[in-house]
Amino acid sequence: MSSLPASRRLDTAWRSLERHRARIAHVHLRALFAADPKRFARFSLAHDGIVLDYSKNRITAETVKHLLALARAADVEGWRRRLFDGALVNASEGRAALHPALRDRTSRSKGASAVRATLAKMRDFVADVRSGKRFRHVVHIGIGGSLLGPELACEALAPLGETGIEVRFLSNVDGTDFARAIRGLDAAHTLFVVVSKTFATAETLANAHAARDWIAAKLGESAIARHFAAVTAARARAEAFGIPPRSVFELWDWVGGRFSLWSAAGLSCALVLGQDRFEEMLDGAHALDTHFRTAPLGKNLPVLLALVGVWNANILGFRARAVIPYDSRLKRLPAYLQQLEMESNGKSVTREGRPVGRATSPVVFGESGTDAQHAFFQLLHQGPHPVPVDFIAAAEPGPGPEAQRPILLANMLAQSEALMRGRDAAEARAEMQKQGLAAAEIRRLLPHRVFAGNRPSTTILLRRLDPFHFGLLLALYEHKTFVEGVLWGVNSFDQWGVELGKQLADGTARLLKGDKMEGHDSSTAGLARQIRAWAAARRS
């Protein structure tokens with residue numbers, strides 16, 4: 001086998017998985033658990049206060065063997081080494097992806113000294129803001145990766161902050177969102193943090209200029225320098241905006257937006273949590289980096305999570321995945337993972353520019369439990385197309401009444417078990433007989449009360465939700481996404497699909513102003529005419 005060309009080995013590994021699927025297609029998860037009392041121990045892995053339970057997926061030991069063969073054929077170990085060595089894993093943009101270096105404070109690798117200098121500058125800035133008590137509000141302005149990670153982190157960890165600083169997030173270019181973000185704020189006690197690698201992102205700059213105008217109107221032009229900070233690779237643009245050098249923090253081209261939380265892009269989190277807790281989050285992510293870099297494939301959390309994801313998406317054909325955190329502090333995790341996974345791996349060509357030839361990233365959606373149970377779990381349990389689920393929870397309680405944590409966790413365990421077991425006709429009939437329903441009524445209701453079960457799920461259980469374990473969790477998903485990209489042969493670090501709409505937006509903006517432009521389709525032109533007509537009527 002090893003003498004075959006790499007492409008042949010990869011094709012062979014995919015075909016082996018397809019043949020294996022045909023052999024176990026009829027097997028129900030309920031039967032797999034009944035046949036193996038040690039199934040949980042066999043298909044779970046614990047590391048550093050995090051447990052990955054993938055036993056409720058439609059897999060056997062042979063499945064894992066075939067999946068690991070796929071990982072070796074795709075050279076996951078080689079790509080993992082290239083990632084940590086700083087090789088140009090982002091070939092289409094000619095860049096490395098060195099985000100792990102952001103959380104390795106002992107590293108001597110490329111960019112390490114700059115990372116440490118930026119962390120030191122953040123520490124001084126955070127200490128100055130927190131000790132001076134000048135700012136009670138921080139408004140973080142960004143979009144996509146410049147906002148989702150910090151927003152998630154602040155939401156998840158803010159109960160630990162105890163700083164008296166409120167943070168709000170502003171991304172949408174809709175003016176209504178700006179009005180919401182500043183509602184009730186005192187300009188004299190508000191700091192805006194603008195996060196944009198290029199300091200040219202249209203939505204972010206529109207909101208930044210609106211914030212600048214608001215501060216100038218309330219406090220005068222001279223106040224702008226005191227009320228803004230920036231995180232960017234375009235220092236000159238930030239300074240031209242009016243932000244002094246002491247308040248401009250560096251980003252680097254080897255940090256992708258969706259991997260930038262660990263950099264000064266997380267400044268808002270450090271202001272709310274304190275720099276020490278921010279760096280505890282970096283330590284958690286670094287601990288997972290070390291595990292991913294050193295653990296063998298069969299005992300590697302991100303690798304196993306990725307292999308199960310590829311099995312569900314490509315071999316079983318499930319084209320969506322639900323992410324259900326049973327912790328309201330993680331309610332923004334589904335949105336964060338939507339960008340991380342779908343922007344990274346929503347690709348149809350390989351690194352070499354050839355068609356992938358198979359499905360890549362599934363659609364990711366979700367909501368926090370138990371809210372999700374009362375929204376779309378009906379589809380998860382009885383819809384015709386199974387949707388794998390990631391259940392995520394922390395065992396130890398967070399803020400609030402401790403008595404409610406067991407109720408929350410019981411719901412999560414019950415839902416994952418129900419999706420796995422289902423309820424067959426005999427069980428449904430027996431339940432209705434116990435309720436005293438007539439035979440005719442039982443026959444009428446029976447089809448509605450049957451659950452097929454055999455619906456896959458994975459559970460990620462944290463010991464507690466603190467900065468360290470939060471960092472572990474996010475790094476787990478980062479590396480899982482990278483491994484999936486390697487298995488599909490795509491570049492997980494570019495996002496050219498985002499650019500086309502940005503490029504066309506300039507032309508459509510001119511169309512809305514009434515410029516006569518050729519090349520637009522009749523729908524776009526017609527909608528623009530209607531918008532202009534209603535705008536004219538409003539002004540008249």
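## The largest cavity

The largest cavity is lined by Asn-57, Leu-305, Val-308, Gly-309, Asn-312, Arg-321, Pro-388, Val-389, Asp-390, Thr-458 and Lys-480. This comes from a predicted model. The volume of the cavity is about 80 Å³. By class, its lining holds four nonpolar, four polar and three charged residues.

Which elements supply at least two residues each to this lining? They are α13 (301-315) and β10 (389-394). Helix α13 gives the largest share, with four residues.

## The second largest cavity

A search of the whole structure turns up six cavities of 30 Å³ or more. The second largest has a volume of about 60 Å³. Its lining consists of Gly-309, Asn-312, Ala-313, Phe-318, Ala-320, Arg-321, Pro-362, Pro-388, Lys-480, Glu-484 and Trp-488. Six of these residues are nonpolar, two are polar and three are charged.

Three elements each contribute at least two residues here: α13, β8 (320-325) and α19 (467-488). Helix α13 thus appears in both accounts, with at least two residues in the lining of the largest cavity and at least two in that of the second largest. Individual residues recur as well. Gly-309, Asn-312, Arg-321, Pro-388 and Lys-480 line the largest cavity and also line the second largest.

## The sheet

Strands β8 and β10, named above for the cavity linings, belong to an open sheet of six strands. The order is β1-β2-β11-β10-β8-β9, and the pairing is mixed. Why is one side of β1 and of β9 left without a neighbour in the sheet? β1 (44-47) and β9 (363-366) stand at the edges and have a single partner strand each, so one side of each stays unpaired within the sheet. On average, neighbouring strands are turned by 15 degrees against each other, direction ignored.

At one end of the order, β8 and β9 pair in the parallel sense over four bridges. Ala-320 has Val-363 in β9 as its bridge partner. Ala-320 is also one of the residues lining the second largest cavity.

## Helices across the sheet

Helix α13 lies across β1, β2 (50-53) and β11 (457-462). Its direction is at about 25 degrees to β2. This is the helix that supplies four residues to the lining of the largest cavity.

A further helix, α16 (residues 404-421), lies across β10 and β11. It runs at about 160 degrees to β10. Strand β11 is therefore crossed by two helices, since α13 lies across it and α16 does too.

Notes. Residues are numbered from 1 along each chain as its sequence is written. This is a predicted model: local features need pLDDT of at least 70, side-chain atom pairs count only at pLDDT 80 or more; totals for chains, interfaces and linings use all residues. Side-chain values use heavy atoms; hydrogens and water are left out. On a 1 Å grid over the protein atoms alone, a cavity is a set of points where a 1.4 Å probe fits but cannot get out, and a pocket is an open set with protein on both sides within 12 Å along at least five of seven lines; lining residues have an atom within 4 Å of a point. Grid points are joined across faces, edges and corners, and a volume is the space filled by probe spheres set on the points. Ala, Val, Leu, Ile, Met, Phe, Trp, Tyr, Cys and Pro count as nonpolar, Asp, Glu, Lys and Arg as charged, and the others, Gly among them, as polar. Two strands pair if DSSP finds at least two bridges between them. Axes are lines fitted to C-alpha atoms, for helices over the stretch in contact, and angles run from 0 to 180 degrees between N-to-C directions. Contact means heavy atoms within 4.5 Å.
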